[in-house]
Amino acid sequence: MFFYLQISYNDIMFIKEKISDNYFLYRSEAHTFGTDAFLLANFSSPKHIHKVIDLGTGCGIVPLLILDRFKPAEISAIEIQKQAYEQFRQTIQDNHIEDKINLIFGDLREVQKHFQREYFDILTMNPPYFKQGHGRVSKSVDKAFARHDSECTTEDLAKAADYLLKNKGDAFFIQRIERLPEYIWTFKKYNFEAKLLQLIQGKKNTDPILFLIKFKKGAKPNLIAKTPLILRNSANEQSAELIKILGSYNNG
């Protein structure tokens, strides 16, 4: 599925990994991806006419999956960490998709410096899972940045979404289950309503660990809860739903 390739950026070892029949990306120890990126990209399901933006894009897995599977009209991404930005920039360059993904080096708290107000139809983000002061803090600055929201609070996300999305635009997130009330409450302050929710369970008879959620800007309250997504069966094998979501990546 992947092979090692040295890329000359601060002597960091990148791993070139095929994620579909069409594209590969570079990941590193500090900036990599997991199953949650596939879950988020699949859940967002933009249409061909949509303009999409991914916040805190990291190694770029979410916009790359969205490009491959849904082919929206435009895709932009913003990343504040220099190594992650350079890593994804190299991925874009080596896949020859500079005309398909607009990558910005910047802070999502300052999106007004880079993007027109209410320009996008769809917003995605795989945000930090832990609030500042919660969870184990990694010794790696990059990993700590990605895991904890000291530089990217839920309020920061709601403000950015409010600026970037058109009226009736949709924001999609994946997050730890204990943060669900916080997300619903915060986004409601910024005129977003939770419209679609899916809980994620490791196995059928276990408690949910994560949730996927869709917020719509300027909408009326009407939350629909999908059937929970089960990741593994009783034999600890990938569920049929997960196999379908991972698609050709499973066969790389």
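This note sets out, in numbered points, the main features of a predicted model of one protein.

1. Confidence. The structure is a predicted model, and its mean pLDDT over the protein is 90. A score of at least 70 is reached by 87% of the residues. Residues 138-149 call for separate mention, since their pLDDT is below 50. In the model this stretch nevertheless has 32 contacts beyond near neighbours in sequence.

2. Overall content. The protein contains seven helices and 12 strands. Of its 252 residues, 52% are buried. When contacts between residues at least 6 apart in sequence are considered, 69% of them join residues at least 24 apart.

3. Burial of helix 1. Helix 1 covers residues 35-44. Eight of its 10 residues are buried, and the helix is therefore largely enclosed by the rest of the structure. The buried residues are Asp36, Ala37, Phe38, Leu39, Leu40, Ala41, Phe43 and Ser44. Serine 45 follows helix 1 and has a positive phi, near 40°.

4. Helix 1 against helix 2. Helix 2 is formed by residues 61-70, and helix 1 packs on it at an angle of about 45°, the axes being 9 Å apart. Because of this angle, helix 1 is described as oblique to helix 2. The two helices pass each other in a right-handed crossing. On the side of helix 1, the contact involves Ala37, Phe38, Leu40, Ala41, Asn42 and Ser44. Their partners in helix 2 are Ile61, Val62, Leu65, Ile66, Arg69 and Phe70. By class, the residues of this contact comprise nine nonpolar, two polar and one charged. A general point helps in reading such lists: an α-helix has 3.6 residues a turn, so residues three or four places apart point the same way.

5. Helix 5 against helix 6. A second pair is formed by helix 5 (residues 154-164) and helix 6 (residues 180-189), whose axes come within 9 Å and cross at roughly 40°. That angle is the reason why helix 5 is classed as oblique to helix 6. The crossing of helix 5 and helix 6 is right-handed. Helix 5 contributes Thr154, Glu155, Leu157, Ala158 and Ala161 to the contact, while helix 6 contributes Glu182, Tyr183, Thr186, Phe187 and Lys189. These residues divide into five nonpolar, two polar and three charged.

6. Lysine 159. This residue belongs to helix 5. Is lysine 159 buried or partly exposed? Its relative accessible area is 45%, so lysine 159 counts as partly exposed, the limits of that class being 20% and 50%. Lysine 159 is 31 residues from tyrosine 190 in sequence, yet their C-alpha atoms are 7.0 Å apart in space.

7. Threonine 91. Where in the protein does threonine 91 lie? The residue is part of helix 3, which spans residues 82-95. Threonine 91 is classed as buried because its relative accessibility is 0%, and the cut-off for a buried residue is under 20%. Apart from neighbours within four places in sequence, threonine 91 is in contact with Phe24, Leu25, Tyr26 and Leu64. Leu64 falls within the residue range of helix 2, 61-70.

How values were computed: Residues are numbered from 1 along each chain as its sequence is written. This is a predicted model: local features need pLDDT of at least 70, side-chain atom pairs count only at pLDDT 80 or more; totals for chains, interfaces and linings use all residues. Side-chain values use heavy atoms; hydrogens and water are left out. Axes are lines fitted to C-alpha atoms, for helices over the stretch in contact, and angles run from 0 to 180 degrees between N-to-C directions. Helices (H or I, at least four residues) and strands (E, at least two) are DSSP runs, numbered from the N terminus. Angles under 35 degrees count as roughly parallel, over 145 as roughly antiparallel, 65 to 115 as roughly perpendicular and the rest as oblique. A crossing is left-handed if the near helix is turned anticlockwise from the far one by less than a right angle, and right-handed if clockwise. Contact means heavy atoms within 4.5 Å. Ala, Val, Leu, Ile, Met, Phe, Trp, Tyr, Cys and Pro count as nonpolar, Asp, Glu, Lys and Arg as charged, and the others, Gly among them, as polar. pLDDT is the predictor's confidence in each residue, from 0 to 100. Buried means under 20% relative accessible area, exposed over 50%, partly exposed in between (1.4 Å probe, protein chains only).
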